[in-house]
Every structure is written in structure tokens, then in C-alpha cells.
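Visitor: Could you take me on a close look at a single part of this model? I would enjoy one connected tour.

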Amino acid sequence: MAATIITNIKLLVNTRTENKLLRGAELADLPVIPNAYLIIENGIIAEYGEMKNLPWADEKKDTIIDAAGRMVLPTWGDSHTHIVFAASREEEFVDKLKGLSYAEIAARGGGILNSAQKLSEASEAELLKSALGRIHEIMQLGTGAVEIKSGYGLDVPNELKMLRVIKQLKAISPIPVKATFLGHILTRSVIKTTTKIILIALLMICCLPLLLRDWPIILMYSAKPGSFHQEIPEPSAVPV
């Protein structure tokens, strides 16, 4: 069987012999094999070890990759991202460094309401293009699988728009994508006119089909201080 063989690896990183939950001092233990090789068959790691123990390879059939003293390590599975958004808010980081509160930033037109407004004005095609670019960017930094949340929609139509974009990303992304619906903040009009139970039912019925059974959903019904006017109550998180 033809294989891909990576040779002359300076350090083959995270060569654990068992899969278990690590705690405390165990997290500081990162096993490596110096001067190593790695054999891949049908996209699966078949064997690895020190170069001196490398089995014979058929150079006519096998693909040989000389790592030339570089390190090889597993890709990162990023379990919490917000890759689908219309515009960044990096200028608010400076505001926070200057000591401004979330309420003060929101009063100046920043915060999540700013993100929601920009997202509502962006088309699905624009959101898809920018998000796919970010996926390629994180791949270059070592990410091999990614979770993507909704949450900047603030209402049903725009949450659905985000979930449709994530669904498209799942189909075209070079790496696996998992979707999460995160309705983590709500518009003033929705809070005033809809009870919590009706709202949750509405969002779940609309958004659940787009998640494609990725994993259990967490619906966050919450608000940061200053997100809304003072007369709007700040409900607590509601897991679903």
C-alpha cells in the first residue's frame, strides 16, 4: 500500500500513548520524539518513531517528505469562534485600555449592537467570502477543525442569515466546521413584546434545522450592562 512518509523530523510533538483527561501538573508534560519519522496511510497515521527504526520504504510508490529538521505537531481544534461577522471592533480595545466601561462604549455607538447593525447590512455573499478568508487564515496558523457560533444577529432573520452562512462554510471549508446557535443577546423590541418561553421556541424552531445535528445547542438569553436602555431587564443565561 502506498504511503506518505515524513522523515527527519526534528521533534514529533505530543506522542502520547494513551488518551485521558489531563489535570494540574500533567498539563506540563508534552511528550516528543526527536529525530523522528511519521507514516500516513489513507489519511490516517499508521506508524511513527525514531528515524533509526524507520521501516523500508518503496520510493517508487510512497511519497517521501523530508522535514529537514522541522517540527511536526497535531493541528488545533478551535472549539469557540465567531468567524462570521461583518466588521471588526478593534478600536474598542483602545477604549477599554483607557478605562471605558461597556456601557460607555455602547453609548458611543460601539459594542455588540454596532456589530449587529453592520451584520444586518451585509449580504450573505459578503459574510461568506470574509468568513472563508478567515478560515484559510487560521489554517495557516495550525487550526485543523473549527466551531463557529452565530450570535451577532440579535433577531431571528439575522441569526438565520448567520446560520445559513455557517452551513455554506461547512460545505466548502477545507477543514471540518461545527455550527452552534448562540442567541446571546436580544433586541429591545423582542424583549418587550415576547415572553422568554415563546422566544426560545421561535428561535429553536427556526434555527435548529440549520445546525445539522452538530451537537447540543446552548441558547444564551443574556445581556451585558449597558447593552440596552435602563428600563430593559437583564435576564440570566438559559441553557437549552
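Which residue stands opposite Val 146 in β7?

Guide: Happy to help, and a word first: this is a predicted model. The residue opposite Val 146 in β7 is Asp 78. Asp 78 falls within strand β6, residues 76-78, and three bridges join β6 to β7, with the two strands running parallel.

β7 has a second partner. Strand β8, residues 177-180, also pairs with β7 in the parallel sense, here over four bridges. In this pairing, Glu 147 stands opposite Lys 178 in β8. To get from β7 to β8 the chain passes through α5, and this β-α-β crossover is right-handed.

Let us turn to how covered the strand is. Six of the seven residues in β7 are buried, so the strand is mostly covered, a residue counting as buried under 20% relative accessible area. Glu 147 and Lys 149 are both buried, and their side chains meet in a salt bridge, with 2.9 Å from N to O.

Now follow the chain into the loop between β7 (143-149) and α5 (156-172), where you will find Ser 150. Ser 150 counts as buried because its relative accessibility is 0%. Its side chain makes a polar contact of 2.7 Å with the side chain of Glu 159, a residue that lies within α5. Setting aside neighbours within four places in sequence, Ser 150 is also in contact with a group of residues that includes Met 162, Leu 163 and Ile 166. Thr 180 is another residue in contact with Ser 150, and Thr 180 belongs to β8. His 82, Phe 181 and Leu 182 are in contact with Ser 150 as well.

For a contrast with the buried pair in β7, consider some salt bridges elsewhere in the model. The count of salt bridges comes to six. One of them joins the side chains of Lys 20 and Glu 18, at 3.9 Å from N to O. Here Glu 18 is exposed because its relative accessible area is 52%, while Lys 20 counts as partly exposed at 43%. Glu 18 and Lys 20 are also linked with Glu 26 in a network of salt bridges.

Another salt bridge brings together the side chains of Lys 52 and Glu 50, again with 3.9 Å from N to O. Lys 52 is exposed, at 67% relative accessibility, and Glu 50 is partly exposed, at 35%. By comparison, back in β7, both Lys 149 and Glu 147 are buried.

Definitions and conventions
Residues are numbered from 1 along each chain as its sequence is written. This is a predicted model: local features need pLDDT of at least 70, side-chain atom pairs count only at pLDDT 80 or more; totals for chains, interfaces and linings use all residues. Side-chain values use heavy atoms; hydrogens and water are left out. Buried means under 20% relative accessible area, exposed over 50%, partly exposed in between (1.4 Å probe, protein chains only). A polar contact is a pair of N or O atoms within 3.5 Å; within protein, one must be able to donate a hydrogen and the other to accept it, and residues adjacent in sequence count only if both atoms are side-chain atoms. Contact means heavy atoms within 4.5 Å. Two strands pair if DSSP finds at least two bridges between them. A crossover is right-handed if, with the strands pointing away from the viewer, the path from the first strand over the helix to the second runs clockwise. A salt bridge is a side-chain nitrogen of Lys or Arg within 4 Å of a carboxyl oxygen of Asp or Glu.
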